[in-house]
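Welcome! Here is a short briefing to help you find your way around. Have a look at the structure first, then read on.

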Amino acid sequence: MPADQLRRTRIQDLLTSTDLNREVLVKGWVRTRRGNKYVQFIALNDGSGLATLQVVADAEKFPEESLKEVTTGSCVAVRGLLVPSQGKGQAVEVQASSIEVLGTADPEAYPLQKKATSLEHLREIAHLRPRTNTFGAVLRIRHALAFAVHDYFNRHGFYYVHTPIITGSDAEGAGQMFRVTTLPPEHPPRTEDGSVDFSEDFFGKQTNLTVSGQLEGELAAMALGQVYTFGPTFRAENSNTARHLAEFWMIEPEMAFYDLQDNMDLAEDFLQSLVRYALEHCAADLQFLNDTYDKELLERLRSITDNAFQRLTYTEAVEILKSAKKKFEFPVDWGTDLQSEHERYLVEKHFKKPVILTNYPKEIKAFYMKLDEDGRTVRAMDVLFPGIGEIIGGSQREEDLGKLEGRMAEMHVPTDELWWYLDTRRFGTAPHSGFGLGFERLVLFVTGMTNIRDVIPFPRFPKNAEF
Ligand code: ATP
Ligand code: MN
């Protein structure tokens with residue numbers, strides 16, 4: 001085949017190829033170039049995998065001068081022969097016949113030189129960090145997990161529904177919301193009493209970015225049976241923690257005819273399947289993260305797939321925490337919300353496996369959760385993971401119109417705004433359940449990274465919306 005017609009091959013495909021001694025074309029970014037006056041070695045990466053391809057450039061064909069723009073960070077197209085490697089560390093290499101520089105990278109200015117760079121510093125150059133081994137691995141794993149989510153639900157008869165991102169209700173109260181408006185901030189129209197006149201706004205009312213797709217998800221479940229959403233959610237809470245983002249992705253399945261037990265069974269099987277998928281499909285990237293950051297990562301992931309989760313009630317958990325020897329920063333008493341330190345004690349110290357806590361006091365949970373017979377607790381479930389704390393929050397939903405309206409009144413949730421939600425309880429109501437899995441918390445767990453800002457390409461958090 002004439003060289004001009006050669007199609008580019010992904011490096012990942014070349015590295016696993018057994019079809020050797022053929023002409024290939026590769027394109028990628030130079031990680032390093034080293035060598036001597038006889039031969040130069042270029043480590044090339046195109047993002048298709050963690051491993052780099054070794055390109056060998058003989059000095060006879062490529063005098064040092066001709067390679068001066070082939071520096072770390074530059075982008076090149078290489079043609080050459082794919083041959084068994086003479087050196088250690090790789091099975092194959094490319095004996096270059098031509099090297100074209102597609103884009104130079106001034107070595108004085110390029111921020112990702114060979115020397116190790118801290119994760120904190122990389123956050124400030126988030127536009128370039130995907131080119132590092134760490135972020136390449138994280139982003140490939142993130143992709144695999146997103147794919148596994150859709151694959152799981154598709155195989156189990158769930159339909160993917162797209163719930164709105166702009167919402168007219170602040171119903172769930174899951175957190176502070178970001179307002180969406182086209183009114184001029186300096187001179188908004190005013191009503192007679194001087195307050196901002198939102199009837200003049202784009203939608204004719206106040207609107208916000210969604211904090212959850214659940215309520216609309218429930219509407220779809222009451223028609224399609226089993227559905228899920230997987231979309232961006234926004235919370236303007238000022239939580240400057242390693243587990244909170246202002247913009248994150250949430251997976252929310254909602255199932256007609258599921259009770260709390262069914263809901264727990266689904267959550268457990270779903271999480272185990274996702275972790276198993278990553279172990280099977282992201283072996284090289286996970287091994288790299290295991291070796292580089294967290295020697296127990298792979299073991300921890302396998303412990304998720306191999307062990308049943310511990311299930312207990314909130315009330316039982318409070319008893320355990322109260323008799324624990326450990327001194328907690330926040331005291332525990334029946335009725336208080338559990339803090340991350342309590343959740344992690346249960347998971348990491350007491351049970352040493354994932355925990356599903358159920359039947360929380362109604363006062364600390366949302367209005368739509370089904371009331372238990374005792375009238376004090378609701379059919380809530382939180383799934384707690386090692387190193388993370390809460391990874392899933394869910395519940396069986398209150399399907400009884402009267403009880404639901406009662407809970408809304410108690411909790412000052414406006415029923416008129418949610419007339420459409422209440423209609424599902426008016427027309428053909430049914431027992432149903434669902435949960436929300438924070439996608440970045442899942443990626444955080446699977447990658448073993450310790451800060452949620454390092455598992456999304458461009459994190460949004462208080463005082464940061466760069467890139
Ligand atoms: P937390 O108590 O950890 O703040 P939450 O109880 O407010 O979480 P839910 O409203 O139950 O969270 O949301 C469902 C899931 O979404 C959580 O279990 C978690 O995995 C994820 N999640 C919630 N808030 C955030 C956030 N700010 N950033 C990233 N993920 C989040
Ligand atoms: Mn929750």
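Two strands pair if DSSP finds at least two bridges between them. With that in mind, please note that this is a predicted model. The points below visit a three-stranded sheet, a buried strand and one histidine.

**The sheet E7-E9-E8**
- An open sheet is built from 3 strands in the order E7-E9-E8, with antiparallel pairing.
- Strand E7 (166-167) and strand E8 (179-180) are at the edges and have a single partner strand each, so one side of each lacks a neighbour in the sheet.
- Between E7 and strand E9 (residues 207-209) there are 2 bridges, in the antiparallel sense.
- Ile166 has Leu209 in E9 as its bridge partner.

**Strand E10 and its partners**
- Strand E10 (residues 226-234) is largely enclosed by the rest of the structure, because 8 of its 9 residues are buried.
- Strand E6 (residues 159-160) runs parallel to E10 and is joined to it by 2 bridges.
- Here Tyr159 has Val227 in E10 as its bridge partner.
- Strand E11 (residues 247-256) runs antiparallel to E10, and 9 bridges join the two.
- Across this pairing, Thr233 stands opposite Phe248 in E11.

**A look at His342**
- You will find His342 in helix H9 (residues 340-351).
- His342 has 1% relative accessibility and therefore counts as buried, since buried means under 20%.
- The His342 side chain reaches the backbone oxygen of Phe330 at 2.8 Å.
- Leaving aside residues up to four places away in sequence, His342 touches Leu321, Phe328, Phe330, Pro331 and Val332.

Technical notes. Residues are numbered from 1 along each chain as its sequence is written. Chains are lettered from A and ligands numbered from 1 in the order in which they are written. This is a predicted model: local features need pLDDT of at least 70, side-chain atom pairs count only at pLDDT 80 or more; totals for chains, interfaces and linings use all residues. Side-chain values use heavy atoms; hydrogens and water are left out. Helices (H or I, at least four residues) and strands (E, at least two) are DSSP runs, numbered from the N terminus. Buried means under 20% relative accessible area, exposed over 50%, partly exposed in between (1.4 Å probe, protein chains only). A polar contact is a pair of N or O atoms within 3.5 Å; within protein, one must be able to donate a hydrogen and the other to accept it, and residues adjacent in sequence count only if both atoms are side-chain atoms. Contact means heavy atoms within 4.5 Å.
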